[in-house]
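I opened the model to look at a few helices and some backbone oddities. My notes follow in the order I made them.

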Amino acid sequence: MNRRLFLKNTGLATLAAGAVACAPSAMRIAEKQVNILHSSRYLPKLRISMDRVIKETVGLRPYRTLGPRIEKEALGSKTLVHNYGHGGSGWSLSWGSADLAAELVASSGEKQVAVIGCGVIGLTTARMLQFKGYDVTIYTKEMAPNITSSKATGTWSPAHRLIERENITPEFYTKFKRAHETSFRTYQNLLGLGDYVVWTDSYAVSNGPRMEREHDMDEGDDKYAFMNVLPTTVALKKKEHPFKADYVYRSTSMVFNIPSLLKLYTDDFLRFGGKVKIQEFKSLEDIDALAEKCVVNCTGIGAKQITQDECLKPISGQLAFVIPQNYVDYRINTQGGYTINRKDGIVVGGTHKMDSWDTTPNKEDTEQMVMAIKKVADEMYT
Ligand SMILES: Cc1cc2nc3c(=O)[nH]c(=O)nc-3n(C[C@H](O)[C@H](O)[C@H](O)COP(=O)(O)OP(=O)(O)OC[C@H]3O[C@@H](n4cnc5c(N)ncnc54)[C@H](O)[C@@H]3O)c2cc1C
């Protein structure tokens, strides 16, 4: 870009016109400042080490080989709507799944509805029902922060550990497409209200060509073109980033600030007249005993015990929280770990253990993930 075009595009033209007498060095400083604000060359260095780890969590992704169960069945004289089994995509697809579940509730003709579960799926389902005029009570064993939804990284990942590829049916495709569209749109409406949802850049740093992303759907397939809602990933040249690596790619996506979002959803639910009751359900008979004639089951991995669903299994994922760092508004993704810049910490993640019910954090896993990121961070600007 030539100098005149640069000044025009950056809005510095007015400054330049009014400062004819300005020394050339002052102009260069102004240009540089604008560059710092807009480029990925000057990222604040990440401070990460084991002694900065303040919390570790292990959550169980409710993975269902057939994809999320969003369907209704009769339970005695009641209508039971299921909305569980969202794997590694529950945050991303929550609002769209809630919308699909609310449609099934509408067909029951009932106006008083029980929602079981107070994770992101239960809360968004309850809110969606309130939007449509239902009187909703949430029954739940536990609330944040003792739920899987509180132990998620919180990124837009609508097709992560969602379904076995060979189980994709036209029915699944239609529901997924709708849930994807509704959820994406809803999250854009949460922008600007605070920092509940933010868009951030992520740097994939490696010494080999682009790391393949793990997705259950083939994004190259035209059928899935609707998923291309994010800006295109860019390969950066050496001078365009501060990392010491042969390959650096920048992509841009959404981060959900999980604690504040769960609080927002809960507060809104209560403000609009919803009630929350602490109660555990061990079987379908327990659900049948509820007063409400329509019940939505949003129990995540807890649905395994209640419904005996053989397709549902846990995929555990461990996170380490590093002291939040002001101005670090970017993410790193490298072999062995990734970071998410959240308000409650620099979240470091990277583990997936299929069929593991163990929720005790493993020190070695934390060390491996933290050290992988530390190496990348320590080498910045070297
Ligand atoms: C490490 C990790 C990272 C993740 N990252 C992302 C991400 O970046 N993006 C994304 O979209 N998704 C992500 N996920 C997935 C996402 O967190 C889940 O899909 C989502 O939280 C599931 O929400 P849920 O409401 O169904 O389950 P939960 O949050 O587990 O909520 C279930 C609720 O039901 C209640 N309950 C359960 N059993 C019973 C019972 N028997 N009786 C009464 N109440 C009961 C629980 O107490 C709880 O309130 C991640 C998950 C993990 C573990």
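Before the entries, one cut-off: I call a residue buried when its relative accessible area is under 20%. The model is a predicted one.

Entry 1, M369. I began with M369, which has its place in helix 10. Its relative accessible area is 2%, so by the cut-off of under 20% I put M369 down as buried. I then looked for a partner distant in sequence and noted A320, 49 residues away along the chain. The C-alpha atoms of M369 and A320 are 8.3 Å apart.

Entry 2, the rest of helix 10. This helix covers residues 363–378, 16 in number. I took the distance from the first C-alpha to the last and got 21 Å, close to the 22 Å expected at 1.5 Å a residue. I listed the buried residues as D365, T366, M369, V370, A372, I373, V376 and A377. They lie on the same side of helix 10, because the arc they cover around the axis is only 150°. The spacing fits a general rule: an α-helix has 3.6 residues a turn, so residues three or four places apart point the same way. On the other side of helix 10 I found E364 and Q368 exposed.

Entry 3, the two ends of helix 10. What does a side-chain oxygen of N362 reach at the start of helix 10? I found the backbone nitrogen of E364, to within 2.8 Å. D378 also lies in helix 10, and I noted D378 as partly exposed because its relative accessibility is 38%. K45 is 333 residues from D378 along the chain, yet their C-alpha atoms are separated by 8.0 Å.

Entry 4, helix 4 and helix 5. Two packed helices are described by the angle between their axes and the distance between the axes. For helix 4 (residues 90–106) and helix 5 (residues 120–131), I read an approach of the axes to within 8 Å and a crossing angle of roughly 45°. The two are therefore oblique to each other. I recorded the crossing of helix 4 past helix 5 as right-handed.

Entry 5, S94. Within helix 4 I picked out S94. Is S94 buried or exposed? Its relative accessible area is 0%, so S94 is buried. Its side chain reaches the backbone oxygen of W91 at 3.0 Å.

Entry 6, helix 7. I checked the span of helix 7 (residues 258–271) against its 14 residues. At 1.5 Å a residue the span should be 20 Å, and the end C-alpha atoms are 20 Å apart, so the two agree. The buried residues I wrote down are I258, L261, L262, L264, Y265, T266, D268 and F269. After helix 7 comes G273, with a positive phi near 90°.

Entry 7, backbone checks in loops. Omega is near 10° for the peptide bond from A144 to P145, which I noted as cis. P145 sits in the loop between strand 5 (135–140) and helix 6 (170–189).

I also noted two positive phi values in residues other than glycine. Q308 has phi near 60° and lies in the loop between helix 9 (303–307) and strand 11 (312–322). Its relative accessibility is 56%, so I counted Q308 as exposed. D355 has phi near 65° and is in the loop between strand 15 (353–354) and helix 10. With a relative accessible area of 46%, D355 is partly exposed.

Methods
Residues are numbered from 1 along each chain as its sequence is written. This is a predicted model: local features need pLDDT of at least 70, side-chain atom pairs count only at pLDDT 80 or more; totals for chains, interfaces and linings use all residues. Side-chain values use heavy atoms; hydrogens and water are left out. The expected span of a helix is 1.5 Å times one less than its number of residues. Buried means under 20% relative accessible area, exposed over 50%, partly exposed in between (1.4 Å probe, protein chains only). The arc is that of the directions from the helix axis to the C-beta atoms. A polar contact is a pair of N or O atoms within 3.5 Å; within protein, one must be able to donate a hydrogen and the other to accept it, and residues adjacent in sequence count only if both atoms are side-chain atoms. Axes are lines fitted to C-alpha atoms, for helices over the stretch in contact, and angles run from 0 to 180 degrees between N-to-C directions. Angles under 35 degrees count as roughly parallel, over 145 as roughly antiparallel, 65 to 115 as roughly perpendicular and the rest as oblique. A crossing is left-handed if the near helix is turned anticlockwise from the far one by less than a right angle, and right-handed if clockwise.
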